[in-house]
Amino acid sequence: MHPQFTLDLSLEAIRLLYDLHGEPCVIGDVAAFGDDLPVRMAKLLSLAAKLSTPPIPTTTVVPREHVLYRTVRLDMAREVEERDVLEFVCREQQLNKDEICVDWVIDGSEIHIAAVEKLTLLEANDFAQQHGFVPTLFTSSVRNGKFPRKPRFPVPIPQNGPV
């Protein structure tokens, strides 16, 4: 069962959505800045608690500005594995494979890649948890043609163990 709630994070606002019979409905949104952010986030959590018993599992949407989308031609000589995708992104972005999470979709002779830094996911995870939400999956918005579906990233585990 996937979460009924989505916490959509952007640089300007934070929006809480509820899945009502397969359709996302906005429950509330707040500005993503200001000294009273904890109070405003508590109100969003309170609204969610009226629809579901806490803890409130959520899909967390990270800002798309933090996700790298690439499409690459496939070498059809062998099957693509996660390490291949990681190596491509690491080479292109000069990152370490331990620093990123990837999702990919093979479509014919192309592979669509979505990559995000684990630090971004850790920060989003910490933010959601600080405000009473329980992230169970991370995703991001996708511009047309950049990725065939919303990417799916796991909840990250900090390098030095669970939080």
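Strand 6 and strand 7 form a hairpin with two residues between them. In its turn, G108 has a positive phi of about 65°. Strands here are DSSP runs (E, at least two residues) and helices likewise (H or I, at least four), numbered from the N terminus. This is a predicted model: local features need pLDDT of at least 70, side-chain atom pairs count only at pLDDT 80 or more, and totals for chains, interfaces and linings use all residues. Residues are numbered from 1 along each chain as its sequence is written, and side-chain values use heavy atoms, with hydrogens and water left out.

Strand 7 also pairs with strand 5 (two strands pair if DSSP finds at least two bridges between them).

| Strand paired with strand 7 | Residues | Bridges | Direction | One bridge pair |
|---|---|---|---|---|
| Strand 5 | 67-73 | Seven bridges | antiparallel | R73 with E110 |
| Strand 6 | 100-107 | Eight bridges | antiparallel | W104 with I113 |

The three strands make an open, antiparallel sheet in the order 5-7-6. Strand 5 and strand 6 stand at the edges, each with a single partner strand, so one side of each has no neighbour in the sheet. Twist averages 20° from one strand to the next (axes are lines fitted to C-alpha atoms, for helices over the stretch in contact; angles run from 0 to 180 degrees between N-to-C directions).

Helix 3 (residues 118-130) packs on this sheet, touching strand 6 and strand 7 (contact means heavy atoms within 4.5 Å). The direction of helix 3 makes about 55° with that of strand 7. Helix 2 (residues 82-93) lies across strand 5, strand 6 and strand 7, at about 115° to strand 6.

Six of the eight residues of strand 7 (residues 110-117) are buried, so the rest of the structure largely encloses this strand. Buried means under 20% relative accessible area (1.4 Å probe, protein chains only).

Technical notes: Buried < 20%, exposed > 50% of the residue type's maximum accessible area, 1.4 Å probe, protein only.
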